[in-house]
Amino acid sequence: GAAPASVTAEGSPRIAMCTAGGGEGCSFNIYKTGTAVGWSDTPQGTMRGFRWTSKSGMVALPLLPGHQWSRADQITPAGTILGVSDTTGGSGQPVTWNALGVPSRLKVPYPAGSTYGWITAINDLRQATGGAGNSDISAKGFFWSRQTGLLDLIQPGLGHNEVYPADMTAYGVVIGSYVDCTVGCWYRTFTWTALTGFVSLGQPPEADPYGHFGGGQMNELGEYVGWGDAPLSGGLYSYSWGPIHGFKILPPFDPTGEEVA
C-alpha cells in the first residue's frame, strides 16, 4: 500500500515504509534519486521484495515463475535492483529486476566446492561480488564478470581466513572485511580490484590493535566508512576514511536531536 508520511518537530518528512501487511520488515537500500528497495513480510507470512518512491509508495516486485518469496537488497544508478528469490524453504537464488520491475535470474557461478553463497553487490557493468562457503570455509569472497569469469578476492596461505565483501563501486572496486589470523583472529578492512588485487587498509592510530575493524561502503571518490571496537568501552564506533582527511572517528548518534559538532 501507499506509505504514510508524517512531519517531525523540525518540519522534515519522516517516511514509513514497513510493512506490506505482515508483522516483520524491513531493510532497504536507497539511491540518491529517492528510490528505496527492501523487503517486508506479507499477510500470508512470506517475504516479498519491494521498490518505494514518494510518488508510487511501496510496490511489490514480481516473483520469478514458481517462486514464493523474494528480497531486494540494492539498487544501482541505472535502476537495476539486486536481490534473492526462491521457493518456500529454498536457500535463495540471485535475481535482478530491471528498471521496469521485470525479474531475471543472475547467473553467477559460485567458487568450486561451495555449498551456499550470496551476492553482495552488482554494478551497471554487470560485475558482481559476494561470498560463498561450505562446512569447512565460512566465507570466501569472490568477484565475477563476463569478461574475467570468477576470481577469488584473496589467495590462501596469507593468514587470512573469512572474507566478506560489503560494497562495490561503479568501476569494480570492492570493499569489505576479512579475518586476519596472523596474530589472533580479528576483522580488518580491505579493498580489491582486478588490477591491484587484495589490499589491507590498516587501522587508525587510536584503534584497538587487538580488536575488530571492518569496512562497510565506498563511494566513487574512494572514501569509505566502517566500524571498529572501542578500546576502552568495549563497544563499537563508526569511522570514515578519505584520501584528504584520512581516518576520522564519527560521533555517536545524539538521541536529543541536538547538533553534534
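This is a conversation about a predicted model and the terms used to describe it.

Mentor: Residues are numbered from 1 along each chain as its sequence is written. Because the model is predicted, local features need pLDDT of at least 70 and side-chain atom pairs count only at pLDDT 80 or more, whereas totals for chains, interfaces and linings use all residues, and side-chain values use heavy atoms, with hydrogens and water left out.

Trainee: What is the mean pLDDT of the protein chain, and where does pLDDT stay under 50?

Mentor: The mean pLDDT (the predictor's confidence in each residue, from 0 to 100) is 79 for the protein chain, and 79% of its residues reach 70 or more. The value stays under 50 over residues 1-17, for which the model has 23 contacts beyond four places in sequence (contact means heavy atoms within 4.5 Å). It also stays under 50 over residues 19-23, with 17 such contacts. Where pLDDT is low, the predicted coordinates should not be read in detail.

Trainee: Why are strands E7 and E10 said to stand at the edges of their sheet?

Mentor: Strands are DSSP runs of at least two residues, marked E, and are numbered from the N terminus; two of them pair if DSSP finds at least two bridges between them. Four strands form an open sheet in the order E7-E8-E9-E10, with antiparallel pairing. Strand E7 (69-75) and strand E10 (103-105) each have a single partner strand, so one side of each is left without a neighbour in the sheet. Neighbouring strands of this sheet are turned by 35° against each other on average, direction ignored (the axes are lines fitted to C-alpha atoms).

Trainee: How do you know that E7 and E8 are paired?

Mentor: Six bridges join E7 to strand E8 (residues 81-86), and the two run antiparallel; since the definition asks for at least two bridges, they count as a pair. Within this pair, Ala72 stands opposite Gly83 in E8.

Trainee: What makes E4 and E5 a pair, and what is the phi of Gly45 in their hairpin?

Mentor: Strand E4 (residues 36-41) and strand E5 (residues 47-53) pair in the antiparallel sense over six bridges, and the bridge partner of Ser40 is Arg48 in E5. Their hairpin has five residues between the strands, and Gly45 takes a positive phi near 85° there. E5 is also joined by four bridges to strand E6 (residues 57-60), which runs antiparallel to E5, with Val59 in E6 as the bridge partner of Arg51. The hairpin from E5 to E6 passes through three residues.

Trainee: Which strands stand at the edges of the sheet that contains E20 and E21?

Mentor: That open sheet has four strands in the order E19-E20-E21-E22, again with antiparallel pairing. Strand E19 (213-218) and strand E22 (246-250) stand at the edges, each with a single partner strand, so one side of each is left without a neighbour in the sheet. The twist averages 30° from one strand to the next. Six bridges join strand E20 (residues 224-229) to strand E21 (residues 236-242), and Leu236 in E21 is the bridge partner of Asp229.

Trainee: Why is the pair of Phe213 and Tyr239 called stacked?

Mentor: Rings of Phe, Tyr and Trp (its six-membered ring) pair if their centres lie within 6.5 Å, and planes under 30 degrees apart count as stacked, over 60 as edge-to-face and the rest as tilted. The structure holds 13 aromatic pairs. The centres of Phe213 and Tyr239 are 4.4 Å apart and their planes stand at 15°, so the pair is stacked. Phe213 lies in strand E19 and Tyr239 in strand E21, so the pair ties together parts that are 26 residues apart in sequence. Phe213, Tyr224, Tyr239, Trp241 and Phe247 form one aromatic cluster.

Trainee: How do you know whether Phe213 is buried or exposed, and what of Arg126?

Mentor: Buried means under 20% relative accessible area, exposed over 50%, and partly exposed in between (1.4 Å probe, protein chains only). Phe213 has a relative accessible area of 0%, so Phe213 is buried, and Tyr239 is buried with a value of 0% as well. Arg126 has 27% and is therefore partly exposed. Arg126 is found in the loop between strand E11 (116-122) and E12, and has a positive phi of about 65° although it is not a glycine.

Key:
Axes fitted to C-alpha atoms, helices over the stretch in contact; angles between N-to-C directions.
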